[in-house]
Amino acid sequence: MIKSNCCLEKVLIVLDDVDCPRQLKFLAGGSEWFGRGSIIIVTTRNKRCLDVHKTYSSYEAKGLAHNKALELFSWNAFQQPHPKDSYVNLCNRVLRYAKGLPLALQVLGSFLFQRDEDEWESTLHRLKTIPLDDIQKVLRMSYDGLDDKCKKLFLHIACFFKDCKEKIVTRILEGCRFHPKIELKVLDERYLISISHGIIRMHDLLQEMGWAIVREKSPDNPDEWSRLWEYEDIKSILTKNQGTKNIEGIFLNETIAEPIQLPAEAFKKMNRLRLLKVGYNMVQLSQDFELPCRELTYLDWNKYSLESMPSNFHADKLVELHLQFSHIRHLWEGNIMLEC
């Protein structure tokens, strides 16, 4: 119907938020559907929509440059094209947070309009753990369109593998029963990640969305989360033996003054733990320390302090083992059967 009615007409058509290739094929299947000089503009969160239609050229919208971002933010926060003098430093902190994303600049500007400097400070501090809903609702649309496996992989990247090498992450994720070669491609097509020079990249606001999704069912109970990445949450759970079967990954990366003293049975209940990373000299272990996690796929423990791994250590599913600067003399006591 569209093709027969418009094939001789010069038209301007805007198709906003196209979600799948079938929609584009049905509404504007090709340039021959419309008269010469017609312009068809398509916006989408799924670059696959354009990849399968070779008649369309694509342009990926970039983040705003600093001056343009400051002007957009200022119109929303101050109703003028530049910030008030006393707010310049605060504005620059907002811009570093938004990283050129127009949606974030507009929402934050409107939220901070007519608020004093103390309220701006409080908001910036709050954003570290509680993103604004109006931003998250829009960003989450691409996540909600994923299948369950891609959703889990996205959360792994948000919590653990942002700015990591694609080849290494692919090997680890394959060990966790993902299919990362296609699933990473899907995330890239949905603009949830990008892969540049072999490194997996993710916008900070998308990473914060991932953190919020992990927290959302039990925001005040990190022992119920599937992934742990914040020092205080990890310390509380490990020192109190509050680990549960929900926990699939723990990355303890922060540099701290006081190492965490781990109880021997800190990991006893974590029978689904697959990913474990411990930064340099961040924990102290007792000689009877146990690590009975049968699903462990990735272990990176910098300066592991014992001379061998625990007797109940299960290595048969490991695809990556890093024990840099450790005190290891031999991996384990006695004999352990490994599957080839």
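## Exercises on a predicted fold

Gln79 sits in the loop that runs between α4 (66-78) and α5 (88-98); helices (H or I, at least four residues) and strands (E, at least two) are DSSP runs, numbered from the N terminus. The model is predicted, so to speak of a local feature takes pLDDT of at least 70 and a side-chain atom pair counts only at pLDDT 80 or more, while totals for chains, interfaces and linings use all residues. Residue numbers start from 1 along each chain as its sequence is written, and side-chain values use heavy atoms, with hydrogens and water left out.

**Exercise 1. Work out what is unusual about the phi of Gln79, then do likewise for Phe325.**

Step 1: Gln79 has a positive phi of about 60°, although Gln79 is not a glycine.
Step 2: Phe325 has a phi near 60°, again a positive value in a residue other than glycine.
Step 3: place Phe325 on the chain: look in the segment after β11.
Step 4: check the cover. Phe325 counts as exposed because its relative accessibility is 54%. The scale is buried under 20% relative accessible area, exposed over 50% and partly exposed in between (1.4 Å probe, protein chains only).

**Exercise 2. Sketch the overall picture: how many helices and strands are there, and what does the C-alpha trace span?**

Step 1: count the elements, and you get 13 helices and 11 strands.
Step 2: along the principal axes, the C-alpha trace spans about 80 × 55 × 35 Å.
Step 3: of the 340 residues, 45% count as buried.

**Exercise 3. How many disulfides does the structure hold?**

Step 1: apply the cut-off, a pair of cysteine sulfur atoms within 2.5 Å. The structure holds 0 disulfides.
Step 2: take Cys150, which is in no disulfide; its nearest cysteine sulfur belongs to Cys176, 15 Å away.
Step 3: do the same with Cys159, also in no disulfide; here the nearest cysteine sulfur is that of Cys164, at 12 Å.
Step 4: look at the cover. Cys150 is buried, since its relative accessible area is 4%. Cys159 counts as buried too, at 10% relative accessibility.

**Exercise 4. Which parts of the chain do the Arg140–Glu216 and Asp163–Arg201 pairs tie together?**

Step 1: start with the total, 17 salt bridges. Each needs a side-chain nitrogen of Lys or Arg within 4 Å of a carboxyl oxygen of Asp or Glu.
Step 2: Arg140 bridges to Glu216, with the closest N and O atoms 2.8 Å apart. Arg140 is in helix α8 (residues 133-144) and Glu216 in the loop between α12 (204-215) and β5 (227-228), so this pair ties together parts that are 76 residues apart in sequence.
Step 3: both ends are partly exposed, because Arg140 has 24% relative accessibility and Glu216 has a relative accessible area of 40%.
Step 4: Asp163 and Arg201 meet at 3.4 Å, N to O, in a salt bridge. Asp163 is in the loop between α9 (148-161) and α10 (166-175), Arg201 in strand β4 (residues 199-201), so the tie is between parts 38 residues apart in sequence.
Step 5: Asp163 counts as partly exposed at 43%, and Arg201 is partly exposed at 35%.

**Exercise 5. Where do Arg329 and Glu307 lie, and which residues are joined into one network?**

Step 1: the side chains of Arg329 and Glu307 form a salt bridge (3.3 Å, N to O). Arg329 is in the segment after β11 (320-322) and Glu307 in the loop between β10 (298-301) and β11, 22 residues apart, and the pair links distant parts of the chain.
Step 2: Arg329 is exposed, given its relative accessible area of 66%, whereas Glu307 is partly exposed at 43%.
Step 3: salt bridges with shared partners join Arg177, Arg274, Glu295 and Lys317 into one network.

**Exercise 6. Which elements give two or more residues to the nonpolar patch?**

Step 1: collect residues with over 30% relative accessible area and no salt bridge, joining nonpolar side chains (Val, Leu, Ile, Met, Phe, Trp, Tyr) within 5 Å and like charges within 9 Å. Areas come from the Shrake-Rupley method with a 1.4 Å probe, and for residues only the protein chains shown count as cover.
Step 2: Leu12, Val14, Ile39 and Ile41 make a nonpolar surface patch with about 380 Å² of accessible area together. The elements that give two or more residues to it are β1 (12-18) and β2 (39-44).
Step 3: take one member, Leu12, in strand β1. Leu12 counts as exposed because its relative accessibility is 60%.
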